[in-house]
Amino acid sequence: SIPQQPEGPTDETAPTKAPDAAPAPPPAPPPAAPADATPARYSQWHLLIAPGFGYVRGPRNAYSAIGPALRFGAWKLAWRKGFMIGGGPSLVYTYLFDKLGQDRLHFFTVNGDFVVGGGKADKFAVYAHFTLGGGVIAAKDGASGSSFILPGVRAAAGIGALGYLTKRLSLGALADFGYLGGLGVDAFITLGVHFGKKPK
């Protein structure tokens, strides 16, 4: 007799079950920002030391004088990506000499400064500068030898720029035009010291 074949597939012919697909790996986390990366929004202090010169022409062209100047400032600057705004107090001293009349003037003011501009944080900035302050003018008349002290006003606007040598030091220039005890100009080379950075 013919042997009967078993019904259904044998072990050799039975289909094998495909193994379950491996789960997809989780997405890799974004790379962490370097510890010293510049935040997009932050504020910091900017100490300004600025030697330069001043030129003033007196009322009704009574005199014209030029001489060295020195500015100290303490600005709080806020960066918002490429936008910068800030300001603070400053002290400005100018020694002016009128060669024609042999007059000498010492002009000292305490000011409030305001700056607004932009650039690239920790790299460079260009800004408009506004200053307003008051103080004293101590003058000596060359013709008579008499001396006198008068109140003085400094009200000016100008433009400045700075480039960061490091994240803590910058070098730049600043020029103001306006009423400086008379119509005139202040021009400075600026050295900045930056510290106290606080992300916002």
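Me: Before we look at the overall fold, when do two strands count as paired?
Reply: Two strands pair if DSSP finds at least two bridges between them. Keep in mind that this model is predicted. Here 8 strands close into a barrel, in the order β1-β2-β3-β4-β5-β6-β7-β8, and their pairing is antiparallel. From one strand to the next, the twist averages 20°.

Me: Thanks! How many bridges link β1 and β2?
Reply: Strand β1, residues 41–57, pairs with β2 over 17 bridges in the antiparallel sense. To find one spot on this pair, look for Y42, which stands opposite W79 in β2.

Me: And what lies between those two strands?
Reply: β1 and β2 form a hairpin, with 6 residues between them. In that turn, R60 has a positive phi of about 55°.

Me: Let's move along the barrel. How many bridges join β2 to β3?
Reply: There are 11 bridges between strand β2 (residues 64–80) and strand β3 (residues 83–98), and the two run antiparallel. Two places help you trace this pair: R80 has F83 in β3 as its bridge partner, and K76 stands opposite G87 in β3.

Me: Which residue in the turn between β2 and β3 has a positive phi?
Reply: That is K81, with a phi of about 60°. β2 and β3 form a hairpin with 2 residues between them.

Me: One last thing: how do side chains sit along a regular strand?
Reply: As a general idea, they alternate between the two faces of the sheet.

Note on methods: Residues are numbered from 1 along each chain as its sequence is written. This is a predicted model: local features need pLDDT of at least 70, side-chain atom pairs count only at pLDDT 80 or more; totals for chains, interfaces and linings use all residues. Side-chain values use heavy atoms; hydrogens and water are left out. Helices (H or I, at least four residues) and strands (E, at least two) are DSSP runs, numbered from the N terminus. Axes are lines fitted to C-alpha atoms, for helices over the stretch in contact, and angles run from 0 to 180 degrees between N-to-C directions.
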